[in-house]
Amino acid sequence: MIILPAIDIKDSNCVRLFKGDFSTVEKVATDYLETAKSFEEAGAEWIHMVDLDGAKEGKPVNTKIYTDVAEKTGLKVELGGGIRSLETIQEYLNMGISRVILGSVALKNPALVRDAVEKFGSEKIVVGIDAMNGMVATEGWLETSDVNYIDLANQMIKSGVRYFIFTDISKDGTLSGVNREQLQALADGTADCNIIASGGVHTMEDIKACKAMGLYGTICGKSIYKGTLNLKEAIEYAEKNS
């Protein structure tokens, strides 16, 4: 299992939100590059980055920050927020981004996801499924649909998607533990795909739970910044017997 430490960017700052609420913005680090380098020093190979401004505006906003991290560290960058076209995906990949996250468009424009996987390969595309009470939310979590998260995942698998990030919005930024029940249901309800857990990671117990479920990866944000999870220890545990 891989551990993906997270940096969310809003107004060029490293922030975290509580349950995805933009009014709860909390600055968690001063310098994004120093923060990314500290993750690398702890043993991380990947970094999960989100353009919160982009998610809200539906277009890339803080591009230089992500390309800086890709260019000036050895980290592989997984990036989401405001990615709505094949052109944007192409631009990011050309800039050294390793994997792009398609979120709202998975529900609103599934043909784009299919075309992206076909053009760039399943390794380069991850679908972010964010859910509230099991129902998919879109547009920076500002809208909730009537589509079940497992149903959406299975639709995406038919389009060639092999990587998913699942976030239980009610857990995100709360340090209350991952939603084991929904993650397990997703793992059981889908076949031949790689699931990354996101939202609620608090301590090593969450890392152990995700690894026990056979998940591909776990995203850690606030737990690292608040010191409830030691990144180095989490990475070492996750890599054991992988």
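In the predicted model, Glu205 and Lys208 share helix α9 (residues 204-212). They sit three residues apart, about one turn of the helix. Their side chains meet in a salt bridge, with an N to O distance of 3.8 Å. Both partners are partly exposed: Glu205 has a relative accessibility of 46%, and Lys208 has one of 34%.

Salt bridges that share partners also join Lys64, Asp68 and Lys72 into one network. In total, the structure holds seven salt bridges. Within the network, the side chains of Lys72 and Asp68 pair at 3.5 Å, N to O. These two residues are four apart in helix α3, so about one helical turn separates them. Their surroundings were examined in turn. Lys72 is partly exposed, at 44% relative accessibility. Asp68 is buried, with a relative accessible area of 6%; the cut-off for burial is under 20%.

Asp68 belongs to a buried set in α3 (residues 63-72). The set comprises Ile65, Tyr66, Thr67, Asp68, Val69 and Ala70. Several elements contribute to the cover over these buried residues. Among them are the strands β1 (2-10), β4 (46-51) and β5 (76-80). The helices α1 (32-41) and α4 (86-94) are also included.

A further salt bridge pairs Arg162 with Asp192. Their closest N and O atoms are 3.6 Å apart. This pair links distant parts of the chain, with the two positions 30 residues apart. Arg162 lies in the loop between α7 (149-158) and β10, whereas Asp192 lies in the loop between α8 and β11. Arg162 is partly exposed, at 25% relative accessibility. Asp192 is exposed, with a relative accessible area of 63%.

Side chains of opposite charge can pair when their charged atoms come close. Lys171 is a charged residue without such a partner: it is buried yet has no salt bridge. The nearest side chain of opposite charge is that of Asp168, 5.7 Å away. A salt bridge requires the nitrogen and the carboxyl oxygen to be within 4 Å, so at 5.7 Å Asp168 does not qualify as a partner of Lys171. Lys171 is placed in the loop between β10 (163-168) and α8 (180-189). Neighbours within four places in sequence were set aside in listing its contacts. Beyond them, Lys171 is in contact with Ser176, Gly177, Val178 and Asn179, and also with Gly199 and Gly200.

Lys171 also lines a cavity, the second largest in the structure. The count of cavities of 30 Å³ or more comes to three. The second largest encloses about 40 Å³ of space. Its lining includes Asp168 alongside Lys171. The other lining residues are Phe166, Val178, Asn179, Leu183, Ala197, Ser198 and Gly199. Strands β10 and β11 (194-198) are the elements that give two or more residues to this lining. By class, the lining of the second largest cavity divides into four nonpolar, three polar and two charged residues. Val178, Asn179 and Gly199 are thus found both among the contacts of Lys171 and in the lining of this cavity.

Methods:
Residues are numbered from 1 along each chain as its sequence is written. This is a predicted model: local features need pLDDT of at least 70, side-chain atom pairs count only at pLDDT 80 or more; totals for chains, interfaces and linings use all residues. Side-chain values use heavy atoms; hydrogens and water are left out. Buried means under 20% relative accessible area, exposed over 50%, partly exposed in between (1.4 Å probe, protein chains only). Lys and Arg count as positive and Asp and Glu as negative; His and the chain ends are not counted. Contact means heavy atoms within 4.5 Å. On a 1 Å grid over the protein atoms alone, a cavity is a set of points where a 1.4 Å probe fits but cannot get out, and a pocket is an open set with protein on both sides within 12 Å along at least five of seven lines; lining residues have an atom within 4 Å of a point. Grid points are joined across faces, edges and corners, and a volume is the space filled by probe spheres set on the points. Ala, Val, Leu, Ile, Met, Phe, Trp, Tyr, Cys and Pro count as nonpolar, Asp, Glu, Lys and Arg as charged, and the others, Gly among them, as polar.
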